[in-house]
Amino acid sequence: MKLSILASILSSAAAFAPVPTNNVALSALKDADAAVEAPVEIKMSESLPFMEKPPNLEGYVGDFGFDPLRFSDFVPMDFLREAELKHGRQAMLAWTGFCAVDMGFRIYPFPEAYEGLSSVTAHDALVEQGGMSQIFLWIGLAEVISTISLVQMMEGSGRKAGDYGLDPLGFLAGKSDEDRREMELKELQNGRLAMMAFSGVVTQAVLTQGPFPYV
C-alpha cells in the first residue's frame, strides 16, 4: 500500500517537472518565424513605376523592367532575348528596304514585272509573279537552321542569345566587357526602335499612298 502511494506521488510530481528542450529546434523555429515576419522587398519597374519589376529580367542587357504581360515569368529569358534580337534585326533591315524602294533605289537588272511598284503594292504583285514564294522558302530555311541553334542553346550549348559570331567589321574585336555590353545595348535599343518604326512607316505608307516620307 505504501509503495502504491509513493509511486502515485512521484508520478504526479513528474508531471510538473521541466521538460528538456532541443535548443537547435527552438532556434530554427524562431528563425523561421523571423523570416515569415520580415517584409519582402518589392522592386518597382523603371519604365512602368506603378508596376512590380519582373525578377527574371535582372542582369540582362537593356533591362528597364518592361514586361507588363509578365512573359518572363513562364518563358525562358534566353528564348525571349533571342526572339527580341531577331525581330529587332529584321525590323532594322525591313525599315531600310521599305523606305529605299520608295526613295527610288533599285537593283539592276530590274525585272520588268516590278516596274512602277511601290513598297505597298509590291506584295500582291510579287505573290502573283512568284517572287514572294522564293522569299518564303529561303526565310523558312533560315528559320529551321536557327531553330536548331536555339534548341541547342536552351539545352546548354553555351551560346549567348542572339550571338551567331557575325562581326565582319570587327566592331567587338579587342573590346572590354563594358564596351561589348554597351554595343549590345545599342543594338537592342535600335532594334526596339526599328520594330516600332517599321509598324509606323507601313501604316503611314498605306494611308498616304505616297512616296517617302509619306506625308
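**View 1. Trp-95 sits in helix α3 of this predicted model.** The helix that holds Trp-95 covers residues 77-102. Is the Trp-95 side of things buried or exposed? Trp-95 has a relative accessible area of 32%, and a residue counts as partly exposed when its value lies between the buried limit of 20% and the exposed limit of 50%, so Trp-95 is partly exposed.

**View 2. Trp-95 belongs to a nonpolar patch on the surface.** Which residues join Trp-95 in the patch? They are Met-103, Phe-105 and Phe-212. Together, the four residues of the patch have about 410 Å² of accessible area. Look out for Phe-212, which returns in View 5 as one partner of a cis peptide bond.

**View 3. Helix α3 packs with helix α5.** A pair of packed helices can be described by the angle between the axes and the distance between them. Here α5 spans residues 131-154, the angle with α3 is about 150°, and the two axes are 10 Å apart. Why is the pair called roughly antiparallel? Angles over 145 degrees count as roughly antiparallel, so α3 is roughly antiparallel to α5. The crossing of these two helices, α3 and α5, is right-handed.

**View 4. A cis peptide bond leads into Pro-109.** Most peptide bonds are trans, so a cis bond is worth a pause. This one runs from Tyr-108 to Pro-109, and its omega is near 5°. Where is Pro-109? Find Pro-109 in the loop between α3 and α4, with α4 made of residues 119-129.

**View 5. Phe-212 and Pro-213 are also joined by a cis peptide bond.** For the bond from Phe-212 to Pro-213, omega is near 10°. Pro-213 lies in the segment after α6, the helix of residues 177-208.

**View 6. Arg-70 has a positive phi.** Most residues other than glycine have a negative phi. For Arg-70, a residue other than glycine, phi is near 55°. To find Arg-70, follow the loop between α2, residues 23-37, and α3. The relative accessibility of Arg-70 is 22%, so this residue counts as partly exposed.

**View 7. Gln-209 has a positive phi too.** What is the phi of Gln-209? The value is near 55°, again in a residue other than glycine. Gln-209 is found in the segment after α6. With a relative accessible area of 53%, Gln-209 is exposed, because the cut-off for exposed is over 50%.

Methods:
Residues numbered from 1 in each chain as written. Predicted model: local features only at pLDDT ≥ 70, side-chain atom pairs only at ≥ 80, totals over all residues. Heavy atoms only, no water. Patch = residues over 30% accessible without salt bridge, like charges linked within 9 Å, V, L, I, M, F, W, Y side chains within 5 Å. Areas by Shrake-Rupley, 256 points an atom, 1.4 Å probe, with all protein chains shown as cover. Salt bridge = Lys/Arg side-chain N within 4 Å of Asp/Glu carboxyl O. Helix = DSSP H or I, 4+ residues; strand = E, 2+ residues; numbered from the N terminus. Buried < 20%, exposed > 50% of the residue type's maximum accessible area, 1.4 Å probe, protein only. Axes fitted to C-alpha atoms, helices over the stretch in contact; angles between N-to-C directions. Parallel < 35°, antiparallel > 145°, perpendicular 65-115°, else oblique. Left-handed = near helix turned anticlockwise from the far one by under 90°.
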